[in-house]
Amino acid sequence: MIKKLSAGLTDKLINNGTIDVEESDLYIYGFFILFTHIAYLLLTCIFGLLINCFIESVIFYIAFQFLRRYAGGYHARTETRCEIMSALSILCCIVLIKCSKMYDINIVLLSTSLVFAVLIFIFCPLDTPEKPLTDKEHKYFRKISLIILSLIIVSIIVSFIFKFNIIFAPCCVSVILEGVLIGTGQIKKAYSKKRANSQV
C-alpha cells in the first residue's frame, strides 16, 4: 500500500514536470521511506495512547529507529508481511513497556537488553543479499551503530540507577527488538548462504 502511494505521488510529480522520469526510482524509494516512518510513528502513538504509555512509546520508537537504520536486521520478503510483522512487533513492545510499569521486571529487562546488545555488537551492521554493503559502507554503518548502541546502553544504565522508568523500559525494549531482528536476520542470511552453496 505504501509502495503504491509512493509510486502514485511520483507519477504525479513526473506528469507535472516537477521531476524527470530518470529520477522516478529515487523518488519512489524516498517517499516509501518517509511514508513508512510516518505510518509507524502514528501507529506507535495510537498504541501508546490506547495502552496509556504514550511518552514511553515515542521514546521507544525513536531509539529503535535510530538503531535499526544503521544496525540493520531481518527484512520480510513482501511489503504486506513487513507491515503486519512491524505492527505486531511495535504492539508487543509497547505491551512489554506497559507491563514494566505494572510489574517489577526491571532486572529482567536490563539483563535481556544487555545480552541482545552484545548480539548487536557482534553482528552489526547486518546487510541483505538484495542490498549488500561495500567495505566502506560496512565500516561507516558499524561505527554509527556502535555509537548509537553505546548511547542507548548508557541511557539504560543511568535510568536504571536513578529509576527513570520513563526512559529505562523504552530503551531496553528498543535494544531487545533490534537484537531479535539482527539475530533472526543473521540466521536467515546464514541459511540462504548455505542453501546457495548446496545448489552449486
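**Exercise 1. Classify Phe164 and its ring partner by exposure and geometry.**

Step 1. Phe164 has a relative accessible area of 44% and is partly exposed, because buried means under 20%, exposed over 50%, and partly exposed lies in between (1.4 Å probe, protein chains only). The model is predicted: local features need pLDDT of at least 70, side-chain atom pairs count only at pLDDT 80 or more, and totals for chains, interfaces and linings use all residues. Residues are numbered from 1 along each chain as its sequence is written, and side-chain values use heavy atoms, leaving out hydrogens and water.

Step 2. The structure holds 6 aromatic pairs. Rings of Phe, Tyr and Trp (its six-membered ring) pair if their centres lie within 6.5 Å; planes under 30 degrees apart count as stacked, over 60 as edge-to-face and the rest as tilted.

Step 3. Tyr140 and Phe141 make an edge-to-face pair, with 5.8 Å centre to centre and 85 degrees between the planes. Phe162 and Phe164 are stacked, at 6.1 Å and 20 degrees.

Step 4. Phe162 is exposed, at 54% relative accessibility.

**Exercise 2. Find the residues of the nonpolar surface patch and the helices behind them.**

Step 1. Apply the rule. Patch residues have over 30% relative accessible area and no salt bridge (a side-chain nitrogen of Lys or Arg within 4 Å of a carboxyl oxygen of Asp or Glu). Like charges are joined within 9 Å, and nonpolar side chains (Val, Leu, Ile, Met, Phe, Trp, Tyr) within 5 Å. Areas come from the Shrake-Rupley method with a 1.4 Å probe; for residues, only the protein chains shown count as cover.

Step 2. List members. The patch covers about 990 Å², and Leu49, Phe54, Val154, Phe162 and Phe164 are among its residues.

Step 3. Assign helices, which are DSSP runs (H or I, at least four residues) numbered from the N terminus. H3 (54-71), H6 (135-161) and H7 (165-198) each give two or more residues. H6 gives the largest share, 4 residues.

Step 4. Check Leu49. Leu49 sits in helix H2 (residues 24-51) and is exposed, at 59%.

**Exercise 3. Is Ser145 buried or exposed, and which backbone oxygen lies by its side chain?**

Step 1. Ser145 belongs to H6. Its relative accessibility is 1%, so Ser145 is buried.

Step 2. A polar atom of the Ser145 side chain lies 2.9 Å from the backbone oxygen of Tyr70.

Step 3. Now look at the rings. Tyr70 joins Tyr140 and Phe141 in a cluster linked by ring pairs. Tyr140 is partly exposed at 45%, and Phe141 is partly exposed at 22%.

Terms used:
Polar contact = N/O pair within 3.5 Å; in protein donor to acceptor, adjacent residues only side chain to side chain.
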